[in-house]
Amino acid sequence: INAFNELMNQKKEENIVTKTTTKEYSVTERSKEIKEILKFKKKIEFNELFEINSKDYIIVTFLALLEMVKLDEVTLIQENNFAKIYITGGNNESCN
C-alpha cells in the first residue's frame, strides 16, 4: 500500500490525467502486457510499469500486479524497507 501511495504522490507532481476518457483498461489485458514485458526484461522496476499518467491506468496496473502475485505469476523483490521494488517472473509456468 505504501508503494501505491508513494507512486500516486509522485504522479500527482507530474499532473495525473483524471479526465473521463473513452479508453478502458482491463486487468486481464494489463496482466498480459506485463507478462510480455517480463519476457524481454527479466527484472523490471515497479515504477517502470506506470508509463501512462492516468489514474485508471495506474489503478488497473496495480490491480493486475496484485492478481499476478496472488497467482504466483510474478515475484516482487525489495531488498530493504523503502528500497526500490523489482518485479520478476514467478514460479507459475503459465506466465513463462
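Here is a short walk through this structure, from its overall build to a pocket and a surface patch. Keep in mind that the model is predicted.

Let's begin with the chain as a whole. It contains three helices and three strands. If you follow the chain from the N terminus, the elements come in the order α-α-β-α-β-β. Of the 96 residues, 32% are buried. Contacts also tell you something about how the chain is put together: among those between residues at least 6 apart in sequence, 56% join residues at least 24 apart.

Now turn to the outside. The chain has an accessible surface of about 6700 Å², and carbon and sulfur atoms account for 50% of that area.

How can empty space be found in a model like this? Rolling a probe the size of a water molecule over the atoms shows where such space is left. In this chain, the largest pocket has a volume of about 320 Å³. Its lining is made up of 14 residues, and those nearest the centre are Ala3, Glu6, Gln78, Ala83 and Ile85. Helix α1, which spans residues 2–13, gives the largest share of this lining, with five residues.

Finally, look at helix α3, which covers residues 55–70 and includes Ile59. Is Ile59 buried, partly exposed or exposed? Ile59 counts as partly exposed because its relative accessibility is 33%, a value between the 20% limit for buried and the 50% limit for exposed. Together with Leu63 and Leu66, Ile59 forms a nonpolar patch on the surface. The accessible area of these three residues together is about 240 Å².

Key
Residues numbered from 1 in each chain as written. Predicted model: local features only at pLDDT ≥ 70, side-chain atom pairs only at ≥ 80, totals over all residues. Heavy atoms only, no water. Patch = residues over 30% accessible without salt bridge, like charges linked within 9 Å, V, L, I, M, F, W, Y side chains within 5 Å. Areas by Shrake-Rupley, 256 points an atom, 1.4 Å probe, with all protein chains shown as cover. Salt bridge = Lys/Arg side-chain N within 4 Å of Asp/Glu carboxyl O. Helix = DSSP H or I, 4+ residues; strand = E, 2+ residues; numbered from the N terminus. Buried < 20%, exposed > 50% of the residue type's maximum accessible area, 1.4 Å probe, protein only. Contact = heavy atoms within 4.5 Å. 1 Å grid on protein atoms, 1.4 Å probe; cavity = no way out; pocket = protein on both sides within 12 Å on 5 of 7 lines; lining within 4 Å. Points joined across faces, edges and corners; volume = space filled by probe spheres on them.
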